[in-house]
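Q: I have not seen this structure before, and I would like to learn how to read its features step by step. Could we look at it together?

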Amino acid sequence: MTTIEYDVVVIGAGPVGENVADRVVQGGLTAAIVERELVGGECSYWACMPTKALLRSASALRAARRLPGAREAVTGDLDAAAVLGRRDSFASHWQDDGQVSWLASAGIALHRGQGRITSARVVEVTGDDGVTTTLTARHAVVVATGSSALLPDIPGLRESAPWSSREAASASSVPRRLAIIGGGVVAAEMATAFAALGSSVTVLARDGVLPSAEPFAGELVTESLREAGVSVRLGAEAVAVHRDDSGAVHIRTASGERVEADEVLVAVGRTPNTQDIGLDRVGLAPGAWLAVDDTLRVVGGGEWLYAAGDVNRRVLLTHQGKYQARAVGDVIVARAKGEKVEDGRWGWHVATADERAVPQVVFTDPEIASVGLTAAAAEAAGLRTRVVDYDLGAVAGASLHADGYRGHARMVVDEDRKVIVGCTLAGPDVAELIHAATIAIVGEVPLDRLWHAVPAYPTVSEVWLRLLETYGR
């Protein structure tokens with residue numbers, strides 16, 4: 001058995017783990033990263049990048065078809081094989097050579113295998129060949145193992161070999177019929193993608209489509225999916241699943257409806273990857289989400305143990321996990337060097353934005369871009385708010401962007417402080433608009449100052465002027 005010492009050991013080489021290790025090394029410490037699968041993690045191979053590659057070609061085609069002149073130049077439908085080929089390139093054909101090379105160039109040591117915490121600051125790594133290496137951390141161990149798709153306890157589901165988000169993102173062919181259990185982001189995006197690629201898609205959305213978003217967002221996406229030929233069954237709950245000898249999947253709902261498909265995608269939530277990383281050796285529960293303090297140190301785990309990304313359940317989004325990673329790496333360096341820790345609200349070593357300033361884009365048709373609190377969440381938080389709505393299609397820039405542009409904008413204002421605490425935009429290509437709202441919320445820009453941020457004309461960003469006018473100068 002080999003024993004190696006580093007300043008910091010990170011378990012998990014996804015975007016979060018990579019960023020933690022990079023910040024640590026940039027701060028002058030040594031770091032090792034442990035990975036049992038591909039360096040680059042879920043986002044690189046089975047989530048963010050490949051799924052958006054699946055969606056982009058159809059989005060571009062829809063945009064062309066909404067413009068006279070461009071519409072006439074378009075012939076034929078999507079080339080599914082070409083779309084899948086482009087997706088493969090974004091997933092690096094599920095090879096991590098490039099990511100491994102980056103780790104080496106950044107001065108980060110890589111240890112492949114299953115990492116398990118065995119005691120304070122000690123991680124054992126068991127490789128595929130059974131050889132064990134012991135890594136000792138002088139300062140910290142960071143858990144950045146992410147999450148996996150949750151498989152609900154539906155009779156017959158496991159035996160039916162369902163797809164998770166991984167199988168959907170890496171599918172080598174397009175199923176003729178696809179059933180999707182769930183109505184959240186993954187379900188909505190994959191329904192959009194596979195319908196465009198030629199699948200006959202059925203969505204069983206027990207809690208509705210995009211239930212955590214503003215209601216109008218889910219309504220617009222539901223309408224669009226149905227126009228694309230998707231059967232969206234709101235309130236439908238799968239209670240039994242069976243795959244027959246021919247390979248067909250049969251789903252029965254609580255109301256007695258029956259759905260037949262060639263593949264079934266389950267997209268109902270996530271579960272933490274903490275089952276086999278040695279949490280029981282340090283008094284924590286295997287398989288549990290890891291609660292953290294403001295500096296992302298694990299509650300009950302000792303001063304040396306941190307958790308960043310999905311695994312701490314604060315926000316299950318890659319960009320927020322990377323944001324946490326930068327804070328974690330920097331605070332570990334500060335503590336190791338005896339420097340001041342800035343852990344106050346919006347301090348350098350905390351992830352304050354996780355609380356009320358999280359941006360997210362759902363790449364459906366229309367796109368849904370949001371940041372901060374929904375109207376319902378703001379009310380639940382006890383804020384005295386005013387909700388301002390505007391028809392995004394009525395903005396001059398939107399009418400230029402596409403004929404028949406359909407969309408909606410909402411801002412949620414904290415009336416006591418006169419600042420925006422939430423914004424949701426729904427419409428074609430609104431993804432690039434949301435950062436302006438993020439800055440306004442994080443910066444707590446007063447509305448009377450925001451009035452002086454004049455949007456260029458004619459752009460879709462003019463919606464900001466219209467929202468402020470609707471609010472009342």
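Q: What share of the contacts in the chain with a separation of 6 or more comes from residues 24 or more positions apart?
A: One point should come before any number: this is a predicted model. In the chain, residues 24 or more positions apart account for 63% of the contacts that have a separation of 6 or more.

Q: How many helices and strands does the chain have, and how compact is the chain?
A: The secondary structure comes to 16 helices and 21 strands. The radius of gyration is 24 Å, close to the 23 Å that the globule rule gives for 473 residues, so the chain is as compact as a globular protein of that length. Along its principal axes the C-alpha trace spans about 65 × 65 × 45 Å.

Q: What part of the chain counts as buried, and what does the chain expose?
A: A residue counts as buried when its relative accessible area is under 20%, and by that cut-off 51% of the 473 residues are buried. The chain exposes about 20600 Å², and carbon and sulfur atoms supply 49% of that area.

Q: Which residues touch the most other members of the largest nonpolar core, and which elements supply the core?
A: The largest nonpolar core has 48 residues, and Ile117 and Ile332 are the ones that touch the most other members. At least two residues of this core come from each of strand 1 (2-11), helix 1 (15-26), strand 2 (31-35), strand 5 (122-126), strand 6 (132-143), strand 16 (305-307) and helix 10 (318-336). Strand 6 gives the largest share, six residues. If residues up to four places away in sequence are not counted, Ile332 touches Val8, Leu29, Ala140, Val142 and Tyr306. Apart from this core lies another one, of 33 residues, which includes Trp163, Val201, Val232 and Leu265.

Q: Is Thr118 buried or exposed, and what does Thr118 touch?
A: Thr118 lies in strand 4 (residues 114-119). Because its relative accessible area is 15%, Thr118 is buried. Leaving out residues up to four places away in sequence, Thr118 touches Glu124 and Arg281.

Q: How should I read a small sheet, and what is the order of the strands in the open sheet of three strands?
A: A useful way is to take the order of the strands, then their pairing, and then the faces. In the open sheet of three strands the order is 11-12-13, with antiparallel pairing. Strand 11 (238-243) and strand 13 (258-261) are the edge strands, since each pairs on one side only. Neighbouring strands of this sheet are turned by 20° against each other on average, with direction ignored.

Q: How many bridges join strand 11 to strand 12, and how many pair strand 12 with strand 13?
A: Five bridges join strand 11 to strand 12 (residues 249-253), and these two strands run antiparallel. Strand 12 and strand 13 also pair in the antiparallel sense, over four bridges. To follow the pairing by eye, begin at Ala240, which stands opposite Arg252 in strand 12, and then pass on from Arg252 to Arg258, which stands opposite Arg252 in strand 13.

Q: What lies between strand 12 and strand 13, and which residues form the covered face of strand 13?
A: Strand 12 and strand 13 form a hairpin with four residues between them, and Gly256 in the turn has a positive phi of about 95°. The covered face of strand 13 holds Val259 and Ala261, whereas its uncovered face holds Arg258 and Glu260.

Q: Which peptide bonds here are cis, and which residues other than glycine have a positive phi?
A: Most residues other than glycine have a negative phi, and most peptide bonds are trans. In this model the peptide bond from Asp365 to Pro366 is cis, with omega near 5°, and Pro366 lies in the loop between strand 17 (359-362) and strand 18 (367-372). Another cis peptide bond joins Tyr457 and Pro458, with omega about 0°; Pro458 lies in the loop between helix 15 (447-450) and helix 16 (463-471).
A: As for phi, Leu296 has a positive value near 70°, and Leu296 lies in the loop between strand 15 (270-272) and strand 16. Leu296 counts as buried, at 0% relative accessibility. Trp346 has a positive phi near 65° and is found in the loop between helix 10 and helix 11 (353-356). Trp346 is partly exposed, with a relative accessible area of 34%.

Key: Residues numbered from 1 in each chain as written. Predicted model: local features only at pLDDT ≥ 70, side-chain atom pairs only at ≥ 80, totals over all residues. Heavy atoms only, no water. Pairing = 2+ DSSP bridges. Axes fitted to C-alpha atoms, helices over the stretch in contact; angles between N-to-C directions. Core = buried A, V, L, I, M, F, W, Y, C linked by side-chain atoms within 4.5 Å. Buried < 20%, exposed > 50% of the residue type's maximum accessible area, 1.4 Å probe, protein only. Contact = heavy atoms within 4.5 Å. Rg over C-alpha atoms; globule rule 2.2 N^0.38 Å. Areas by Shrake-Rupley, 256 points an atom, 1.4 Å probe, with all protein chains shown as cover.
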